[in-house]
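Let's take a look at this one together. Keep the chains in view while you read on.

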There are 6 protein chains.
Amino acid sequence: MALSARNQLPGTIKDIQIGDIMAHVVVKVGSNLIESVITRNSAEELGLKKGDKVRVVVKSTEVMIQKD
Amino acid sequence: MALSARNQLPGTIKDIQIGDIMAHVVVKVGSNLIESVITRNSAEELGLKKGDKVRVVVKSTEVMIQKD
Amino acid sequence: MALSARNQLPGTIKDIQIGDIMAHVVVKVGSNLIESVITRNSAEELGLKKGDKVRVVVKSTEVMIQKD
Amino acid sequence: MALSARNQLPGTIKDIQIGDIMAHVVVKVGSNLIESVITRNSAEELGLKKGDKVRVVVKSTEVMIQKD
Amino acid sequence: MALSARNQLPGTIKDIQIGDIMAHVVVKVGSNLIESVITRNSAEELGLKKGDKVRVVVKSTEVMIQKD
Amino acid sequence: MALSARNQLPGTIKDIQIGDIMAHVVVKVGSNLIESVITRNSAEELGLKKGDKVRVVVKSTEVMIQKD
């Protein structure tokens, strides 16, 4: 099963907050923290919890570049 | 100057391809490659080229979670 | 392997056009056509072609509602 | 009034949950359920409720392809 | 016909470039220029050209805030 | 510090609502109101409040065109 999204980075869930409709998930990827907002339903159906090994997935058209 | 986007990861441009309207940029972030599609105009105005130190920026609502 | 994206709809590729950076894919899902724009690299690495059975995947935060 | 978004699929609202800021809407489109997250303000101003005939609208750059 | 997208701003097309898959549209909105990337197919089917009165439409989840 | 996002429009915060996970921000840009949904964390870390001078930032791939 292969997804067209170019960015699929392995990491570990460091924190998760469940709200009424949305959930906020923080994933450690290498030395960076990547934050994700998904639906509460998805977080619950995937059973996401601190310490889970996951991948963060981002479509390349959603990635911007900043030059310092 | 602070941007609300939660994900702003430092990296180095490894490859860039310029198309008619869009440009494809590959950035090394830690041990991962992150791919970005931006406009040709942005790539040219920022003068992006291989070796540039940049940040990849992603709004957290664009980040999905995959559980293996 | 389970992805947080709520929308994962089975269909069949009806048409694909490859551009310099991006590719345009048309998928028949039930009686609807769903159109997708992904990178040329993804289209080529997945070997997408007419007739392929695929799923179209959309994060729910990207879906709008129109009331007639 | 014509919108550039390529995907505008007719359906019927099956479920709606209103949160503090966001609302979660589930729409039956053919034999599929499509889920949408919009603002609470939009859900209330459109007066969305179970049974409403609506269209789900998605920009093609937001659609990924998964090959099984 | 009412769309959930909160941002629907009236303007005038100042420039349009058609590429192989995508098109780049520049719209004057008040004293600002707003740039849009849509599919070539949409640009052609809508018959977009310089001087057209249009609306730029953006889902609120796609809008970031920057504080200087 | 230059960001690839083509749309960076100056304005003033007219209203802000903080929810459990997300925040809703309304910004006056010229004679238009632009609405943004960001994380509660971002709204709090940026210290956003009514009257703040900000920029609304939108990637051009997120902008649709509607022709009346």
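Six strands line up into an open sheet in the order 4(D)-3(D)-2(D)-5(D)-6(C)-1(E), and the pairing is antiparallel. The edge strands, each pairing on one side only, are listed here.

| Edge strand | Chain | Residues |
|---|---|---|
| strand 4 | chain D | 32-39 |
| strand 1 | chain E | 2-3 |

A strand here is a DSSP run of E with at least two residues, numbered from the N terminus. Two strands pair if DSSP finds at least two bridges between them.

This is a predicted model, where local features need pLDDT of at least 70, side-chain atom pairs count only at pLDDT 80 or more, and totals for chains, interfaces and linings use all residues. Residues are numbered from 1 along each chain as its sequence is written, chains are lettered from A and ligands numbered from 1 in the order in which they are written, and side-chain values use heavy atoms, with hydrogens and water left out.

Back to the sheet: strand 6 of chain C (residues 64-67) pairs with strand 5 of chain D in the antiparallel sense, over four bridges. There, C:Lys67 sits opposite D:Val54 of strand 5 of chain D.

Just along chain D, the loop between strand 5 (53-58) and strand 6 (64-67) holds D:Ser60. Is D:Ser60 buried or exposed? D:Ser60 is buried, because its relative accessible area is 4% (buried means under 20%, exposed over 50%, partly exposed in between, with a 1.4 Å probe and protein chains only). Leaving aside residues up to four places away in sequence, D:Ser60 touches C:Glu35, C:Ser36, C:Val37, D:Arg6, D:Asn7 and E:Thr39, where contact means heavy atoms within 4.5 Å.
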